[in-house]
Amino acid sequence: MNNTKQNYWFLEANNNRSDIFIRNNKWIYAGNNKKDIEQIHLIAAGDQVAIKSVSPQISDLPFENKGYPVPVTQIKAIGTVIENPGDGKSLKVSWQRSTPEKKWYFYTSLKTIWPVNKDTNWQSEQLINFTFDDQPQDIDQFCQMSYWQECFNNTNYEPDMNNQNQQKFNDAKRQTKDIARKPYLLDNLIEEGCFISKDKLESIQTKLKEKKNIILQGPPGTGKTWLAKRLASVIVGYRDSKNIKAIQFHPNTSYEDFIRGYRPSSNGKLELVDGPFLNIANQAKNDPDANYVIVIEEINRGNPAQIFGEMLTLLEASKRNPQEALELTYGNEKKGFFIPDNLYVIGTMNIADRSLAMVDFALRRRFAFFNLEPNFGNVWLKYMKNKSGISEAKLKEWKKRIGDLNEIIRADQTLGPAFTIGHSYLTTSQHIEDDKADKWFTTIVETEIIPLLEEYWLRETEQIEEAKLKLFPKTKK
């Protein structure tokens, strides 16, 4: 029995296998991915399917791309499903070969089984019309999207680029060297000076992949921002990636700043402008096979519930699909908006800052929280000895002094563990001559740690003096 609603599926196959499939009116899945098998079971007789293959292309494109690779999908054949045997491995299909093969640019997926719904977005509708109804792809519309304009640095895009300019563009591409990026893994993060155990890092990474949103919280100097940005690189797979955006909340941050709002334009009128969150979310939607991360520093310095608005609901991992789309406060999407599942959110939170409001419970339900603590253990000791060259004796003495100070802070009923001093204050990768090490320590304490203690114990000189004696015990009379 055929579907009452037309469904569309794009199925991956290389040249050799696609030729066999077309000749034998079938398609066979060679993998064992559980999710792929579940998807195959959903394909029904009457569904429209296409054989596709995807590869990056940087030259001989019908538009200017400034040397950036563009995902290109080759449509090898289209067809109608005759029967799904229900084995999760095969389909019987009446194929029609695409001669010549059709090329589709920009919006694509490397997934072996890729369901596409016309109602998802205008890109999906164009892809379906292009593949099954022979309608042309509106390349101008894709190139003028903010994401691709940013990639191409192409604010003056000319759709009718003449042959001379195209030739200059192709000549420039031939001179471009393809530099392979080195993958960035947890081991790389640890090597750079992370003093957290690999087991805990793996736990954080696993939870981030599962829940999509985490917050790193802890006392000052525990490396929250440092870790957040490197975890983002691990999720994306590379350092210094354009797939990562970092912003900082402050008391004046608003929904209009972060999500979308009206801004004065050059012609004196107000225009609707997307904020950093919508920008990276749309980038992720247009690049579904890559991961994207937004890092929000000091997430509780603003009012998260007000800043996120309806995004609080959409952040949930279970709601990141078109069926859960919502109309935004300043909406211009026909089908509403949803957050793609390849966008991750990492927040940092300084729980010692008394000026901050409590985090909204709705926000807490959507984030996993991880506590970072001062870590002056053996890993820190080894790192500092190897990187800075400071003697082990001095490092152990400093460790003891900070440890004694933190004990005072923990025992203070008005402060507690959230106000302890973190290891970042006394961590550096720069070489320091041993005879200059004491001066380096003294400068850090006098310019960074003591001012913080003076905020903790405002006008309580007795506690401050006791703390100074822990930091400089030799001055004690």
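**Group meeting talk: a walk through a predicted model**

Hi everyone, let's start at Gln48, which lies in strand S3, residues 48-57. Before I go on, please keep in mind that this is a predicted model. Is Gln48 buried or exposed? Its relative accessibility is 18%, and the cut-off for buried is under 20%, so Gln48 counts as buried. Its side chain has a partner too: a polar contact of 2.8 Å joins it to the side chain of Thr80.

Let me step back for the overall picture. The protein chain has 18 helices and 13 strands. Of its 477 residues, 48% count as buried. If you take the contacts between residues at least 6 apart in sequence, 71% of them join residues at least 24 apart.

Now to a loop. Asn84 sits between strand S4 (70-83) and strand S5 (90-105). What does the side chain of Asn84 reach with its polar atoms? One polar atom lies 2.8 Å from the backbone oxygen of Ile40, and the backbone nitrogen of Gly86 lies 2.9 Å from a polar atom of that side chain. Leaving out residues up to four places away in sequence, Asn84 touches Ile40, His41, Ile43, Ser90 and Leu91. So Ile40 turns up both as a polar partner of Asn84 and in its list of contacts.

Next, two helices, beginning with H3, residues 122-133. Its twelve residues should span 16 Å at 1.5 Å a residue, and the end C-alpha atoms are 15 Å apart, which agrees. At the start of H3, a side-chain oxygen of Asn121 comes to within 3.2 Å of the backbone nitrogen of Gln123. Just after the helix comes Asp134, with a positive phi near 60°. How many of the twelve residues of H3 are buried? Nine of them are, so H3 is largely enclosed by the rest of the structure. The buried ones include Leu127, Ile128, Phe130 and Phe132, but polar residues such as Gln123, Ser124, Gln126, Asn129 and Thr131 are buried there as well.

The other helix is H9, residues 224-236. With 13 residues, H9 reaches 18 Å from its first C-alpha to its last, close to the 18 Å expected. H9 is mostly covered, with ten of its 13 residues buried. Among those buried residues are Leu227, Ala228, Leu231, Ala232, Val234, Ile235 and Val236, and also Lys224 and Arg230. What do the buried residues of H9 pack against? Their neighbours are helices H7 (186-191) and H8 (198-211), together with strands S7 (213-218), S8 (244-248), S11 (292-297) and S12 (343-350). H9 is followed by Gly237, whose phi is positive, near 110°.

That brings me to the nonpolar cores. As a general rule, nonpolar side chains in soluble globular proteins tend to be buried together. Here, the largest nonpolar core has 36 residues, and those touching the most other members are Ile409, Ile421, Ile449, Leu453, Tyr456, Trp457 and Leu471. Helices H15 (378-388), H16 (392-411), H17 (437-456) and H18 (461-471) each supply at least two residues of this core. The largest share, ten residues, comes from H17.

Ile421 is a nice residue to click on. Not counting residues up to four places away in sequence, Ile421 touches Pro220, Pro374, Phe376, Ile402, Leu405, Asn406, Ile409, Ile449, Leu452 and Leu453. There is also a second, separate core of 31 residues, and Ile259, Ala284, Ile296 and Phe308 belong to it.

While we are at H15, have a look at Lys385, which is found in that helix. Lys385 is partly exposed, with a relative accessible area of 41%. It touches Ile390, Glu392 and Leu395, again not counting residues up to four places away. The C-alpha atoms of Lys385 and Ser429 are separated by 9.8 Å, although the two residues are 44 apart along the chain.

Last stop, a pocket. The second largest pocket has a volume of about 1100 Å³. Of the 39 residues that line it, Lys111, Trp114, Pro115, Thr120 and Pro322 are the closest to its centre. Which elements supply at least two residues each to this lining? They are strand S1 (8-12), helix H2 (34-42), strand S6 (113-116) and helix H11 (276-286). S6 gives the most, with four residues.

That's my tour, and thanks for listening!

Note on methods:
Residues numbered from 1 in each chain as written. Predicted model: local features only at pLDDT ≥ 70, side-chain atom pairs only at ≥ 80, totals over all residues. Heavy atoms only, no water. Core = buried A, V, L, I, M, F, W, Y, C linked by side-chain atoms within 4.5 Å. Buried < 20%, exposed > 50% of the residue type's maximum accessible area, 1.4 Å probe, protein only. Contact = heavy atoms within 4.5 Å. Expected span 1.5 Å × (residues − 1). Polar contact = N/O pair within 3.5 Å; in protein donor to acceptor, adjacent residues only side chain to side chain. 1 Å grid on protein atoms, 1.4 Å probe; cavity = no way out; pocket = protein on both sides within 12 Å on 5 of 7 lines; lining within 4 Å. Points joined across faces, edges and corners; volume = space filled by probe spheres on them.
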